[in-house]
Amino acid sequence: MTDIPRLEDLETHLGDLSGRRIFVRTDFNVPLDESGTIIDDFRIRAALPTINWLTERGAFVVCGSHLGRPKGVPDPRYAMGAVRARLAELAPGVELIENLRFDPGETGNSADFVGQLIDRIDGYVNDAFGASHRAHASIVGPPQHVPSAMGRLLEKEVDVLLGLRNKPKQLFVAVIGGAKVSDKLGVIEALLDIVDEIVIGGAMCFTFFLAQGKQVGASLHELDQVEVCAGLLAKAAALGKTIYLPDDINGLDGEGNFAQFGSRLGEGNIGYDIGPGSAAAFTDVIMDARMVFWNGPMGMFEDERFASGTHTVAQAMADTKAFTVVGGGDSAAALAQFKLEDEVDHVSTGGGASLELLENGDLPGLAALRIGMTT
């Protein structure tokens, strides 16, 4: 988006950044283990290009981020201590304030909280792509009051994802998984107008099975979305697009034993992963593509019994010659689990944000930066 100010524009507006206090909204919502130790510092490292650019010019950087869902009250489980310690190792001298969501004004977009955030601040940088689909105080508030820009991470995310949306290459394939189809209906419908083929995996496939008149046993499904799925299948057919669904399923039988099924599951059977035949078929689709976007696992990959489908798709993403983009969230976690995160072209730091940007072409955080230019 050429109409959104970038870091260089901030320097142009403020002049010499030496000694200037710059508030950088980062997304340090990193996974922690039960002891509070950081499991993966990817999101912290992803902010370093922006932080380093500012500090190299003498700016004093104050970072702010949320961590978990503390619901507007301080919660020691989500305190920023571990994140602050890691940031100090990677970027000495950079300040990190306490969890933004410890204050209800963050999610409530309180003007008073915005005022606290920008007190004694000369400029603002949004580098929190993973939170930019939220109209929260730290995302949409500062651009109304101080010179603002998007950081390097946000800039790259926007350039890559809008490149998929606005300049797709044939053959463009979207691989969509996860538990609930209701969470991704909007993006699936939007993608039908952009992509050539869609691969559906994860538990959401069972609602599509019902739309085809198939039995799903005791597998997770959403009865209130069956007609919507039927409509998506009909729309795809009308557009000449293909929606691929699994032909076989791995799961548990009625007695709790591991079992393999076809695409019709009898009473008591539960599906937890796509089967080997479907994994091979999905691999073929990905290998033939020129551009692939993947969001959502093919099954309950945290359980090694049901990890093979997601692992196979992740490996295909690594092996294909297509331009590959992984839409954050569980897909990024799966790549990390299988040690394939360096084998794809772009791993987004925001699952929900990447889906919303592909669906709508804009985000509240981006709109705020544009509006801020005129205030």
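So, the negative surface patch: in this predicted model, Asp-40, Asp-319, Glu-341, Asp-342 and Glu-343 form it together. Take Glu-343 as one of that group. You'll find Glu-343 in the loop that runs between α14 (329-337) and β14 (346-347). With a relative accessibility of 46%, Glu-343 counts as partly exposed.

Okay, on to the salt bridges. How many turn up when you search the whole structure? The search gives 17. Let me walk you through a few.

Here's one: Arg-43 and Asp-27 meet through their side chains, at 2.9 Å from N to O. Arg-43 sits in helix α2 (residues 42-46) and Asp-27 in the loop between β1 (21-25) and α2, so this pair ties together parts that are 16 residues apart in sequence. As for cover, Asp-27 is buried, at 5% relative accessible area, while Arg-43 is partly exposed at 21%.

Now have a look at Asp-41. Is Asp-41 buried or exposed? Buried, with a relative accessible area of 14%. Asp-41 makes a salt bridge with Arg-45, 2.6 Å from N to O, and Arg-45 is partly exposed at 39%. Asp-41 also pairs with Arg-86, where the closest N and O atoms are 2.8 Å apart. That second pair links distant parts of the chain: Arg-86 is in helix α4 (residues 81-90), Asp-41 is in the loop between β1 and α2, and they're 45 residues apart. Arg-86 counts as partly exposed, with 25% relative accessibility.

And then there's a network: Arg-6, Glu-8, Arg-152, Glu-155 and Asp-159 are joined into one by salt bridges that share partners.

Notes
Residues are numbered from 1 along each chain as its sequence is written. This is a predicted model: local features need pLDDT of at least 70, side-chain atom pairs count only at pLDDT 80 or more; totals for chains, interfaces and linings use all residues. Side-chain values use heavy atoms; hydrogens and water are left out. Patches are made of residues with over 30% relative accessible area and no salt bridge: like charges are joined within 9 Å, nonpolar side chains (Val, Leu, Ile, Met, Phe, Trp, Tyr) within 5 Å. Accessible areas come from the Shrake-Rupley method with a 1.4 Å probe; for residues, only the protein chains shown count as cover. A salt bridge is a side-chain nitrogen of Lys or Arg within 4 Å of a carboxyl oxygen of Asp or Glu. Lys and Arg count as positive and Asp and Glu as negative; His and the chain ends are not counted. The place of a charge is taken as NZ of Lys, CZ of Arg, CG of Asp or CD of Glu. Helices (H or I, at least four residues) and strands (E, at least two) are DSSP runs, numbered from the N terminus. Buried means under 20% relative accessible area, exposed over 50%, partly exposed in between (1.4 Å probe, protein chains only).
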